[in-house]
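Colleague: I'm new to this one, and I'd like to learn how to read it. Could you walk me through it?

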Amino acid sequence: MADQNVRPSAGGVPPALSVLRWAEPPEGPAVVLLDQTRLPAEEVELVCADVPALVRAIRTLAVRGAPLLGIAGAYGVALAVARGDDVAMAAELLDRARPTAVNLGYGVRRAVRAYQEAVGKGADAGPAAAAVLAEARALHREDAEASGRMARHGLALLEELLPDGDGHRLLTHCNTGALVSGGEGTAFAVALGAHREGRLRRLWVDETRPLLQGARLTAYEATRNGMPYSLLTDNAAGSLFAAGEVDAVLIGADRIAADGSVANKVGSYPLAVLAKYHHVPFIVVAPTTTVDPGTLDGASIVVEQRPAAEVTEFMSPGAGAVGQEGGGLPVAPEGTAAYNPAFDVTPPELVTAIVTEEGAVSPVTGAGLAALCARSSQVTIS
Ligand code: MRU
């Protein structure tokens, strides 16, 4: 089914993306996603009518990116309650779908808590379902608000760090825009803000191997927003830094440990090393919901390992098979073993600043991060 909401309007200005929505009966109950495996070729909705379907969508990256995973997890619990499914089992399935993005478990636990509170007050099935859906909607809304605030703090930091020159040349990795958020995203939202203020000279977009979130998704979002951007292979970043073409790196995060270590899409850590060597600010933009005080340091972060086929095969154009074994074009001999971590971890000493909706911490220290999170109005879930 084509998503009416993402078709360009007659005036040529694309309307806001509808990346995730809740569908009421008779269409639902369902969680309806813009299928990110099909972008940029097709804007197609994926209807998840039960939790196993949503878990598949999460695993295959039809829905992805830390904040959006949290939102999807919360709506997933709402879906289980609305269907009368076993809520504890649904929550466990959702929570385990991907291990690194802390927001997924956060969203699931928030929704489960809302369910338990409703049931504890004697709510029947209908009111309990309404309470969980309201919690999912609240998280969705809060993430949108956090996105706007992160953009403002990030822009202020850029102006402070890069006061001179005729516009910023910003390098980004993976996809951190509206496709991962209730709002306009994290790192990408800062670049978009710079663009709207006429301060973006160029957005350098890493293609982000192996699943090309940069090429397929960030370039798609940059095009929709009319931003000046160039796509590069991940391994071209070094020569770009050496040529003095990067003023700052802006990335998101999937989990930030208590000491300020940042897990993000694989390839982020090499960028941080390059940035340090070339004296370029390396800025992480993430909501406080991505900070996990329960994970003490970078070594304690569980990094998701993905199927070898994502490396030994290249996606077939239009196949929509990203993340599915056997769906792509083989680029290595059959049976080739692959190392395919989805994320890597950047230590705090390589991070110039972490920007959240509550402001920025720089230098990055555990104490500074804790103080920032203490100011947050985000719901705390143990
Ligand atoms: O594997 P993905 O596509 O879910 O990875 C997403 C990222 O690494 C993003 O950079 C991260 O979630 C931050 S998005 C705000």
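Colleague: Let's begin with paired strands. Which residue stands opposite Lys265?

Modeller: Phe343 in S14 stands opposite Lys265. Bear in mind that this is a predicted model. To read a pair of strands, look at the sense of the pairing and the number of bridges. Here S9 and S14 pair in the antiparallel sense, over 4 bridges.

Colleague: And how does S8 pair with S9?

Modeller: Strand S8, residues 255-257, pairs with S9 in the antiparallel sense too, over 2 bridges. Arg255 has Ala263 in S9 opposite to it. When you follow the chain from one strand into the other, check what links them. S8 and S9 form a hairpin, with 4 residues between them. In that turn, Gly260 has a positive phi of about 95°.

Colleague: What order do the strands take in the sheet?

Modeller: Read across the sheet from one edge to the other. You get S11-S8-S9-S14, an open sheet of 4 strands with mixed pairing. Strand S11 (291-292) and strand S14 (343-346) are at the edges; each has a single partner strand, so one side of each has no neighbour in the sheet.

Colleague: Now the ligand. Which elements each supply at least two residues of the shell around it?

Modeller: Helix H2 (66-83) and strand S9 (262-265) do. So you meet S9 again here, as it also pairs with S14. In total, 17 residues surround the ligand, and among the closest are Arg64, Ala66 and Arg98. Asn264 and Lys265 also belong to the closest ones.

Colleague: How many residues of that shell are nonpolar, polar and charged?

Modeller: The shell divides into 6 nonpolar, 7 polar and 4 charged residues.

Colleague: Which side chains have a polar atom next to a ligand oxygen, and at what distance?

Modeller: For polar contacts, look at the distances between N or O atoms. An N or O atom in the side chain of Lys265 is 2.7 Å from an oxygen atom of the ligand. For Asn264, a polar side-chain atom lies 2.8 Å from a ligand oxygen. Backbone atoms count as well: a polar one of Gly65 is 3.1 Å from an oxygen atom of the ligand.

Colleague: How much of the ligand does the protein bury?

Modeller: Compare the ligand alone with the ligand in place. Alone, the ligand exposes 410 Å², and the protein buries 100% of that.

Colleague: Where does the ligand sit?

Modeller: In the largest cavity.

Definitions and conventions
Residues are numbered from 1 along each chain as its sequence is written. This is a predicted model: local features need pLDDT of at least 70, side-chain atom pairs count only at pLDDT 80 or more; totals for chains, interfaces and linings use all residues. Side-chain values use heavy atoms; hydrogens and water are left out. A residue is near a molecule or strand if one of its heavy atoms lies within 4 Å of it. A polar contact is a pair of N or O atoms within 3.5 Å; within protein, one must be able to donate a hydrogen and the other to accept it, and residues adjacent in sequence count only if both atoms are side-chain atoms. Accessible areas come from the Shrake-Rupley method with a 1.4 Å probe; for residues, only the protein chains shown count as cover. On a 1 Å grid over the protein atoms alone, a cavity is a set of points where a 1.4 Å probe fits but cannot get out, and a pocket is an open set with protein on both sides within 12 Å along at least five of seven lines; lining residues have an atom within 4 Å of a point. A molecule sits in a cavity or pocket if more than half of its atoms lie within 2 Å of its grid points. Ala, Val, Leu, Ile, Met, Phe, Trp, Tyr, Cys and Pro count as nonpolar, Asp, Glu, Lys and Arg as charged, and the others, Gly among them, as polar. Two strands pair if DSSP finds at least two bridges between them.
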